[in-house]
Amino acid sequence: TDQPLDVAQRYFVEPRLFWVRSWEDVFYDNERLARYRFSDFGGGFDVGVNLTDDAQIRAGYLYTRRNATVETGASLLPEGDRDDAGITLAATYDSRDTAFNPTRGVAAAVEYAHVEDSLGADFDWKRLEAGVAWALPVRSDVIWLTLAGGTDLGSPMPVDRYFMLGGPGSFPGYELGELRLTDYWTASGSYLWKIK
């Protein structure tokens with residue numbers, strides 16, 4: 001959690017340690033070909049500033065040791081251990097009236113990672129991702145608009161760090177994480193009609 005550095009809680013630091021295990025399917029031409037287990041152990045240290053009650057900027061260092069193991073299917077992604085380490089930058093803005101089913105406001109986030117061997121990584125790569133969502137009231141109804149995108153900035157990002165799309169949150173016609181991409185952009189809109 002954030003540790004404030006001043007009484008007004010404007011400036012903060014956030015040290016963290018983590019261990020995460022996840023399972024991801026790998027698809028080709030709509031067919032599931034393999035299932036991988038990823039184990040990530042690492043830590044990081046961020047410094048940041050709360051610009052307003054709604055906006056925050058942070059920068060830090062992040063180190064992750066990733067182990068990738070194929071559990072079923074063909075060996076399509078690199079297996080074994082790899083170190084990812086580098087500088088991270090993030091900015092967020094959230095003026096929504098509630099995080100779940102907002103009726104007004106904007107939420108936006110930008111995240112950047114610069115991973116390189118001089119900072120402890122095995123490979124050099126970059127990643128930039130941004131998104132913005134609006135909740136616009138129309139009489140007693142609500143319009144939701146969302147824009148998002150990501151890029152590897154032309155760097156050789158590892159395949160297991162590609163952007164994953166698919167499933168209810170991005171493309172419902174695809175399986176969860178079916179699309180693995182180095183670059184993407186999406187736009188969506190919804191009209192929520194209040195019946196009662």
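## Strands, pockets and cores

A59 stands opposite L89 in strand 5. That pair belongs to a predicted model, and it is a good place to start. Strand 4 and strand 5 run antiparallel, with 14 bridges joining them. Between the two strands is a hairpin connection of six residues.

Step back to the preceding pair. Strand 3 and strand 4 are also antiparallel, joined by 17 bridges. Here the hairpin leaves four residues between the strands. In this pairing A34 faces G73 of strand 4. Strand 4 thus has partners named on both counts: strand 3 and strand 5.

Move on along the chain to strand 7 and strand 8. These two pair in the antiparallel sense over 11 bridges. E129 is set opposite G150 in strand 8. Two residues lie between the strands of this hairpin. One residue of the turn, R139, has a positive phi of about 55 degrees. Strand 8 pairs with strand 11 as well, again in the antiparallel sense, over 10 bridges. Within that pairing I143 stands across from Y191 in strand 11.

Now look for open space. The largest pocket has a volume of about 770 Å³. Its lining counts 34 residues, and L62, E111, A113, R127 and R161 lie nearest the centre. Six elements give two or more residues each to this lining: strand 2 (11-28), strand 3 (31-50), strand 4 (55-73), strand 5 (80-94), strand 6 (105-115) and strand 7 (125-138). Which strand gives the most? Strand 5 does, with nine residues. The lining is mixed in character: 15 residues are nonpolar, seven are polar and 12 are charged.

The second largest pocket holds about 460 Å³ of space. It is lined by 25 residues. Nearest its centre are A133, L145, T146, G169 and S188. At least two lining residues come from each of strand 6, strand 7, strand 8 (141-151) and strand 11 (183-192). Strand 11 gives the most, with six residues. By class, this lining has 15 nonpolar residues, nine polar and one charged. Strand 6 and strand 7 appear in the lining of the largest pocket and also in that of the second largest.

Next, the buried nonpolar residues. The largest nonpolar core has eight residues: A85, V115, A121, W125, M157, F163, L165 and Y184. Apart from it lies another core, of six residues, including A34, Y36, F38 and A68. A34 is the residue already met opposite G73.

Finish with a single side chain. W23 sits in strand 2. Is this tryptophan buried, exposed or partly exposed? W23 has a relative accessible area of 42%. Buried means under 20% and exposed means over 50%, with partly exposed in between, so W23 counts as partly exposed. What does W23 touch, leaving aside its neighbours within four places in sequence? The contacts of W23 are R35, Y36, R37 and E71. Y36 is also one of the residues of the six-residue core. T69 is 46 residues away from W23 along the chain, yet 9.6 Å separates their C-alpha atoms.

Key. Residues numbered from 1 in each chain as written. Predicted model: local features only at pLDDT ≥ 70, side-chain atom pairs only at ≥ 80, totals over all residues. Heavy atoms only, no water. 1 Å grid on protein atoms, 1.4 Å probe; cavity = no way out; pocket = protein on both sides within 12 Å on 5 of 7 lines; lining within 4 Å. Points joined across faces, edges and corners; volume = space filled by probe spheres on them. Nonpolar A, V, L, I, M, F, W, Y, C, P; charged D, E, K, R; others polar. Pairing = 2+ DSSP bridges. Core = buried A, V, L, I, M, F, W, Y, C linked by side-chain atoms within 4.5 Å. Buried < 20%, exposed > 50% of the residue type's maximum accessible area, 1.4 Å probe, protein only. Contact = heavy atoms within 4.5 Å.
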